Amino acid sequence: MNILLTGHRGFIGQHMLRALESRGHYVQTYEWGDNQLPSVIDQDWVIHIGGNSSTVERDIDKILTQNYDFSRQLFNACKTYGVNLQYASSASVYGMGQDFKETAPADPKTPYAWSKYLFERYHLAHQGGNIVQGFRYFNVYGPEGEEHKGKQASPYMQFKQQYQETGRVKIFENSDEYLRDFIHISKLIDIQLQFLDIKESGVFNVGTGKPKSFKEVALSICSENEIDYIPMPEILKDSYQKYTCADMTKTNRALNL
């Protein structure tokens, strides 16, 4: 198939590009920068992963321009030319909620989460003709490709880098009580690419349904006596999700699992 991929230089995008090419797809790439909308003509699918992934970005205009406005324009182009679209959303739209079904009330707490939720709403309100699939990524991690993300990298990557550099790992106080649904990048890519053959539009969770605590993640890299506990930064206190666990019922049903 002919596929346009946005965000191919990012962590998930790098892995997606390799997976698509290894499966024999012809892939064109696009990276944000020149503010020019890429052409979707003659594509079978657009896989839209690019955008501003900073969960601590507080410039609302910036993040809405990069995540909502651009996604909306790409959506409309795909709709006009009958091109199918996959796009990356985020489990951050659930906010502090404890219900992780796709039908649960959203509770976005940051500009990043709002940008994702607003585009989901736009998609669902304007769906028509082509297939459009949104994927709420939970906590994605992997062996490579995150090095450039700094404090926005997954806990797995941050803890690994800390341990390699200092022989110690820093985690927030009470990290044994913070549980997140961590999904390996290879599993995420496998799920999303299976949807290329599924003629169903909608929004779908992409996680494991099996949360782990941040302390468990740290202990997979170091020992208990090599952990330092630090206070949570003020910027995170009002938006930090203490618990996420993907309800995979809808996704697994679509995949016939």
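Buried, in this talk, means under 20% relative accessible area. By that cut-off, buried residues make up 52% of the 257 residues in the chain. The model you are looking at is predicted.

Some overall numbers before I turn to one helix. The secondary structure comes to eight helices and 12 strands. Along the principal axes, the C-alpha atoms fill a box of roughly 60 × 40 × 35 Å. The radius of gyration is 18 Å, and because a compact globule of 257 residues would have a value near 18 Å, the two agree. If you take contacts between residues at least 6 apart in sequence, 81% of them join residues at least 24 apart. The chain exposes about 12300 Å², with carbon and sulfur atoms supplying 47% of that area.

Now helix 2. This helix runs over residues 60-81, which is 22 residues. From first C-alpha to last, helix 2 reaches 30 Å, close to the 32 Å expected at 1.5 Å a residue. Where is the kink in helix 2 centred? On Gln-66, with an angle of about 30°.

At the N-terminal end, the cap is Asp-59. One of its side-chain oxygens lies 3.3 Å from the backbone nitrogen of Asp-61. After the other end of the helix comes Gly-82, with a positive phi near 70°.

Next, the buried side of the story. Gln-66, where the kink is centred, is itself among the buried residues of helix 2. The list also includes the aromatic residues Tyr-68, Phe-70 and Phe-75, along with Ile-63, Leu-74 and Cys-78. What covers the buried residues of helix 2? The cover includes five strands, namely strand 1 (2-6), strand 2 (26-30), strand 3 (45-48), strand 4 (84-90) and strand 5 (132-137), together with helix 3 (111-126).

A reminder on helix geometry: an α-helix has 3.6 residues a turn, so residues three or four places apart point the same way. Among the buried positions you can read off Ile-63, Asn-67, Ser-71 and Leu-74.

One last residue, Ala-77, which is found in helix 2. Is Ala-77 buried or exposed? Its relative accessible area is 13%, and the cut-off for buried is under 20%, so Ala-77 counts as buried. Leaving aside neighbours within four places in sequence, Ala-77 is in contact with Leu-37 and Val-40. Of these, Leu-37 is 40 residues away from Ala-77 in sequence, and the C-alpha to C-alpha distance between the two is 9.0 Å.

That is what I have on helix 2.

Conventions. Residues are numbered from 1 along each chain as its sequence is written. This is a predicted model: local features need pLDDT of at least 70, side-chain atom pairs count only at pLDDT 80 or more; totals for chains, interfaces and linings use all residues. Side-chain values use heavy atoms; hydrogens and water are left out. Helices (H or I, at least four residues) and strands (E, at least two) are DSSP runs, numbered from the N terminus. The expected span of a helix is 1.5 Å times one less than its number of residues. The bend at a residue is the angle between axes fitted to the seven residues ending there and the seven starting there. Buried means under 20% relative accessible area, exposed over 50%, partly exposed in between (1.4 Å probe, protein chains only). Contact means heavy atoms within 4.5 Å. A polar contact is a pair of N or O atoms within 3.5 Å; within protein, one must be able to donate a hydrogen and the other to accept it, and residues adjacent in sequence count only if both atoms are side-chain atoms. The radius of gyration is taken over C-alpha atoms; the globule rule is 2.2 Å times the number of residues to the power 0.38. Accessible areas come from the Shrake-Rupley method with a 1.4 Å probe; for residues, only the protein chains shown count as cover.
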